[in-house]
Amino acid sequence: MSSITFAGNLAADPELRFTPSGRAVARFTVIENRRRKTEDGQGWEDAEPNVYRCQVWGSFAENVVESCAKGDRVHVTGSIITDRWTDKESGEARTGQHVKADEVSFSLRYHTVR
């Protein structure tokens, strides 16, 4: 299993849902903006951002939804999970990845937390 740690801003408020058995799950997207040297090496320019779909479960999910909002700068540590499913319309096999977060925290560089 692959682990990953990254920092970025929430693209939207985290969404809380419940499974049929009543277990909470929250999903959220973190955008990691990146900079790179220009071709001439004299300056910097924006690079294509990394976009991470993240998921948390149980009381952790409820805590994330209550604590985090669109634009917040967060640090996430977790595992990369590959999802596989069959497309309902085309019947084709599909894959996608998300991060099963083990930790979500605020960047104290940009936030005050109490």
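This note sets out numbered points on the fold, the core and three individual residues of the structure.

1. Basis of the model. The model is predicted, so that local features need pLDDT of at least 70 and side-chain atom pairs count only at pLDDT 80 or more, whereas totals for chains, interfaces and linings use all residues. Residues are numbered from 1 along each chain as its sequence is written, and side-chain values use heavy atoms, with hydrogens and water left out.

2. Secondary structure. The chain contains one helix and six strands; helices (H or I, at least four residues) and strands (E, at least two) are DSSP runs numbered from the N terminus. Read from the N terminus, the order of elements is β-β-β-β-α-β-β.

3. Overall dimensions. The radius of gyration of the chain, taken over C-alpha atoms, is 17 Å, against a value near 13 Å for a compact globule of 114 residues. The globule rule is 2.2 Å times the number of residues to the power 0.38. Along the principal axes, the C-alpha atoms fill a box of roughly 55 × 45 × 25 Å.

4. Surface and burial. The chain has an accessible surface of about 8100 Å², and carbon and sulfur atoms account for 44% of this surface; the areas come from the Shrake-Rupley method with a 1.4 Å probe, and for residues only the protein chains shown count as cover. Buried residues make up 29% of the 114 in the chain. Buried means under 20% relative accessible area, exposed over 50%, and partly exposed in between (1.4 Å probe, protein chains only).

5. Contacts along the chain. Of the contacts between residues at least 6 apart in sequence, 59% join residues at least 24 apart, contact meaning heavy atoms within 4.5 Å.

6. Nonpolar core. The largest nonpolar core comprises 18 residues, and Phe6, Phe28, Val30, Cys54 and Val76 have the most contacts inside it. Two or more residues each come from strands E1 (2-10), E3 (24-37), E4 (44-57), E5 (73-86) and E6 (93-106), and from helix H1 (58-67). Strand E3 gives the most to this core, with four residues. Such a core is a set of buried Ala, Val, Leu, Ile, Met, Phe, Trp, Tyr and Cys residues joined through side-chain atoms within 4.5 Å. Beyond its neighbours within four places in sequence, Phe6 is in contact with Val30, Glu32, Tyr52, Cys54, Val74, His75, Val76 and Val99.

7. Valine 25. This residue lies in strand E3 and is buried, at 4% relative accessible area. Residues up to four places away in sequence aside, Val25 touches Glu15, Leu16, Arg17, Gln55, Val56, Trp57 and Ala61. The C-alpha atoms of Val25 and Arg84 are separated by 19 Å, with their positions 59 residues apart along the chain.

8. Tryptophan 57. Located in strand E4, Trp57 counts as partly exposed because its relative accessibility is 27%. Its contacts, leaving aside neighbours within four places in sequence, are Thr19, Arg23, Ala24 and Val25. Trp57 and Lys100 are 43 residues apart in sequence, and their C-alpha atoms are 8.8 Å apart in space.

9. Isoleucine 31. Strand E3 also holds Ile31, which is partly exposed at 25% relative accessible area. Gly8, Asn9, Ala11, Pro49, Asn50 and Val51 are touched by Ile31, not counting residues up to four places away in sequence. Ile31 and Gly71 are 40 residues apart along the chain, and their C-alpha atoms are separated by 9.4 Å.
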